[in-house]
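I am keeping these notes as I look things up one at a time, starting with charged pairs and moving on from there.

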Amino acid sequence: MDITYRKVGDYKIPNLDLPEEAKVPLGRWGTAHKDYLMYHRPVTFTTMLADGTLWKHLQEVDEQAEKMFNQLVKEICEDEGINEKLKEKDQICWVRSMNNVYNRATELVNHELIYT
């Protein structure tokens with residue numbers, strides 16, 4: 001394996017190319033997980049980036065988290081009786097309840113998938 005170098009000042013820096021990855025736009029969950037890895041698990045982040053597995057991993061986490069979030073919102077709404085009838089009857093109560101459900105589901109997804 002031939003490694004070429006470029007000279008920067010008094011230092012020789014290797015010319016390394018990272019493997020190409022298909023970079024598709026990430027959703028909010030994939031972006032949050034990327035930030036977590038970058039700032040709290042820098043070795044894991046750098047290793048995955050160098051291996052070419054980072055974006056695939058982030059896409060998988062994004063998809064899993066979105067499915068989990070939607071399922072949790074659906075289950076919590078069913079359990080607590082938050083439905084269209086409540087929305088017609090008392091919109092403010094429905095909005096308050098849905099915000100509460102979204103916040104709880106977000107907290108669970110963050111705890112289970114994003115910040116681990």
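Entry one, salt bridges. I searched the whole structure, which is a predicted model, and the search returned 1 salt bridge. I then looked up the partners, and they are Arg104 and Glu80, whose closest N and O atoms are 2.9 Å apart. Arg104 belongs to helix α5 and Glu80 to helix α3, so this pair ties together parts that lie 24 residues apart in sequence. I reminded myself that side chains of opposite charge can pair when their charged atoms come close. Are the two partners buried or exposed, or do they fall in between? Arg104 has a relative accessible area of 32% and is therefore partly exposed, and Glu80, at 43%, also counts as partly exposed.

Entry two, helix α3. I checked the length of α3 against what its residue count would suggest: at 1.5 Å a residue, its 27 residues should span 39 Å, and the C-alpha atoms at its ends are 38 Å apart, which agrees. I next listed its buried residues, and I found Leu54, Trp55, Leu58, Val61, Asp62, Ala65, Phe69, Leu72, Val73, Ile76 and Cys77. What covers these residues? The cover includes α1, α2 (residues 42-51) and α5. Just after α3 I noted Gly81, which takes a positive phi of about 70°.

Entry three, helix α5. I repeated the length check on α5, which runs over residues 91-114: its 24 residues should span 34 Å at 1.5 Å a residue, and its end C-alpha atoms are 32 Å apart, which agrees. The buried residues here are Ser97, Met98, Val101, Ala105, Val109, Asn110, Leu113 and Ile114. Their cover includes α1 (28-40), α3 (54-80) and α4 (84-89), and I note that α5 in turn is among the elements that cover the buried residues of α3. I also looked up Glu107, which sits in α5 and, with a relative accessibility of 55%, counts as exposed because the cut-off for exposed is over 50%. Measuring is not the word for a model, so I simply record the computed separation of Glu107 and Tyr39, which are 68 residues apart in sequence and 20 Å apart in space from C-alpha to C-alpha.

Entry four, His33. I found His33 in helix α1, and its relative accessibility of 3% makes it buried, since buried means under 20%. Which residues does His33 touch, once its neighbours within four places in sequence are left aside? The contacts are His57, Leu58, Val61, Leu113, Ile114 and Thr116. I compared these names with my earlier lists, and Leu58 and Val61 appear among the buried residues of α3, while Leu113 and Ile114 appear among those of α5.

Entry five, Val43. I placed Val43 in helix α2, where its relative accessible area of 64% makes it exposed. Val43 and Asn70 are 27 residues apart in sequence, and their C-alpha atoms are 31 Å apart in space.

Entry six, strand β1. I turned to strand β1, which covers residues 5-8 and contains Tyr5. Tyr5 joins Ile3 and Leu16 in a nonpolar patch on the surface, and the three together have about 330 Å² of accessible area. Arg6 is in β1 as well, and at 43% relative accessibility it counts as partly exposed. When I set aside the neighbours within four places in sequence, the contacts of Arg6 were Tyr11, Lys12, Ile13, Pro14 and Asn15. What kind of contact does the side chain of Arg6 make with the side chain of Asn15? The two side chains make a polar contact, at 3.0 Å.

Notes. Residues are numbered from 1 along each chain as its sequence is written. This is a predicted model: local features need pLDDT of at least 70, side-chain atom pairs count only at pLDDT 80 or more; totals for chains, interfaces and linings use all residues. Side-chain values use heavy atoms; hydrogens and water are left out. Patches are made of residues with over 30% relative accessible area and no salt bridge: like charges are joined within 9 Å, nonpolar side chains (Val, Leu, Ile, Met, Phe, Trp, Tyr) within 5 Å. Accessible areas come from the Shrake-Rupley method with a 1.4 Å probe; for residues, only the protein chains shown count as cover. A salt bridge is a side-chain nitrogen of Lys or Arg within 4 Å of a carboxyl oxygen of Asp or Glu. Buried means under 20% relative accessible area, exposed over 50%, partly exposed in between (1.4 Å probe, protein chains only). Contact means heavy atoms within 4.5 Å. A polar contact is a pair of N or O atoms within 3.5 Å; within protein, one must be able to donate a hydrogen and the other to accept it, and residues adjacent in sequence count only if both atoms are side-chain atoms. The expected span of a helix is 1.5 Å times one less than its number of residues.
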